[in-house]
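I opened my notebook to get to know a new structure. Here are my entries, in the order I looked things up.

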Amino acid sequence: SWGIYLYFYDLIKKQLIKDNTPTKKETLIAAIGSGIITAFTVNPIWVIKTRMQLQKNIEPESYKGLFDAIKTIIKEEG
């Protein structure tokens, strides 16, 4: 997640900077923007990871693997 955050932070900051030194406002906007992008990108992965870690493998409805978890979550919860 930090790799995604830093990539988009740098990308957004470079697009906003008008002079060689960024202002506090430009830095804040870049941080907020990259934080939003990171949250939307990484949160679904964390949901799947957490559900797979908390399941009991002996239950019949447990996920069979990563792709089964993705398919089941999309099918049952949208």
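**Entry 1: Ile 29.** Is Ile 29 buried, partly exposed or exposed? I looked up its relative accessible area and found 40%, so Ile 29 is partly exposed. The cut-offs help here, because partly exposed covers what lies between under 20% for buried and over 50% for exposed. I placed Ile 29 in helix H2. I also checked its distance to Ile 12: the two are 17 residues apart in sequence, and their C-alpha atoms are 8.2 Å apart in space.

**Entry 2: confidence.** Before going further, I reminded myself that this is a predicted model. I looked up the pLDDT and found a chain average of 90, with 100% of the residues scoring at least 70. Where is confidence highest, and where is it lowest? Helix H1, residues 2–16, has the highest mean, at 94. Helix H3, residues 66–77, has the lowest, at a mean of 90.

**Entry 3: Ser 34.** I stayed with helix H2, which runs over residues 24–54 and holds Ser 34. Why does Ser 34 count as buried? Its relative accessibility is 0%, and anything under 20% is called buried. Then I asked myself which residues Ser 34 is in contact with, leaving aside neighbours within four places in sequence. I noted Tyr 5, Phe 8, Tyr 9 and Ile 12. I also followed the side chain of Ser 34 to the backbone oxygen of Ala 31, which it reaches at 3.2 Å.

**Entry 4: a patch on the surface.** Next I turned to the outside. Which residues make the nonpolar surface patch? I wrote down Leu 28, Ile 32, Ile 36 and Phe 40, which together make a patch of about 450 Å². I picked out Leu 28 for a second look and found this residue in helix H2. Leu 28 has 52% relative accessibility, so it counts as exposed.

**Entry 5: salt bridges.** How many salt bridges does the structure hold? I found 2. One joins Lys 14 to Asp 10, with the closest N and O atoms 3.2 Å apart. Both residues are in helix H1, and because they are 4 residues apart, about one helical turn separates them. I checked their surroundings too: Lys 14 is exposed, at a relative accessible area of 59%, while Asp 10 is partly exposed, at 34%.

The other pair is Arg 51 and Glu 77, whose closest N and O atoms are 2.7 Å apart. This pair links distant parts of the chain, with Arg 51 in helix H2, Glu 77 in helix H3 and their positions 26 residues apart. I noted a relative accessible area of 29% for Arg 51, so this residue is partly exposed.

**Entry 6: Glu 76.** I then looked at Glu 76, also in helix H3. Is Glu 76 buried or exposed? Its relative accessibility is 60%, so Glu 76 counts as exposed. How far is Glu 76 from Asp 10? I found 66 residues in sequence and 38 Å in space, C-alpha to C-alpha.

**Entry 7: Ser 62.** My last stop was the loop between H2 and H3, where I found Ser 62. Ser 62 has a relative accessible area of 11%, so it is buried. What does Ser 62 touch, not counting residues up to four places away in sequence? I listed Gln 55, Lys 56, Asn 57 and Asp 68.

Note on methods: Residues numbered from 1 in each chain as written. Predicted model: local features only at pLDDT ≥ 70, side-chain atom pairs only at ≥ 80, totals over all residues. Heavy atoms only, no water. Helix = DSSP H or I, 4+ residues; strand = E, 2+ residues; numbered from the N terminus. Buried < 20%, exposed > 50% of the residue type's maximum accessible area, 1.4 Å probe, protein only. Polar contact = N/O pair within 3.5 Å; in protein donor to acceptor, adjacent residues only side chain to side chain. Contact = heavy atoms within 4.5 Å. Patch = residues over 30% accessible without salt bridge, like charges linked within 9 Å, V, L, I, M, F, W, Y side chains within 5 Å. Areas by Shrake-Rupley, 256 points an atom, 1.4 Å probe, with all protein chains shown as cover. Salt bridge = Lys/Arg side-chain N within 4 Å of Asp/Glu carboxyl O. pLDDT = per-residue confidence, 0-100.
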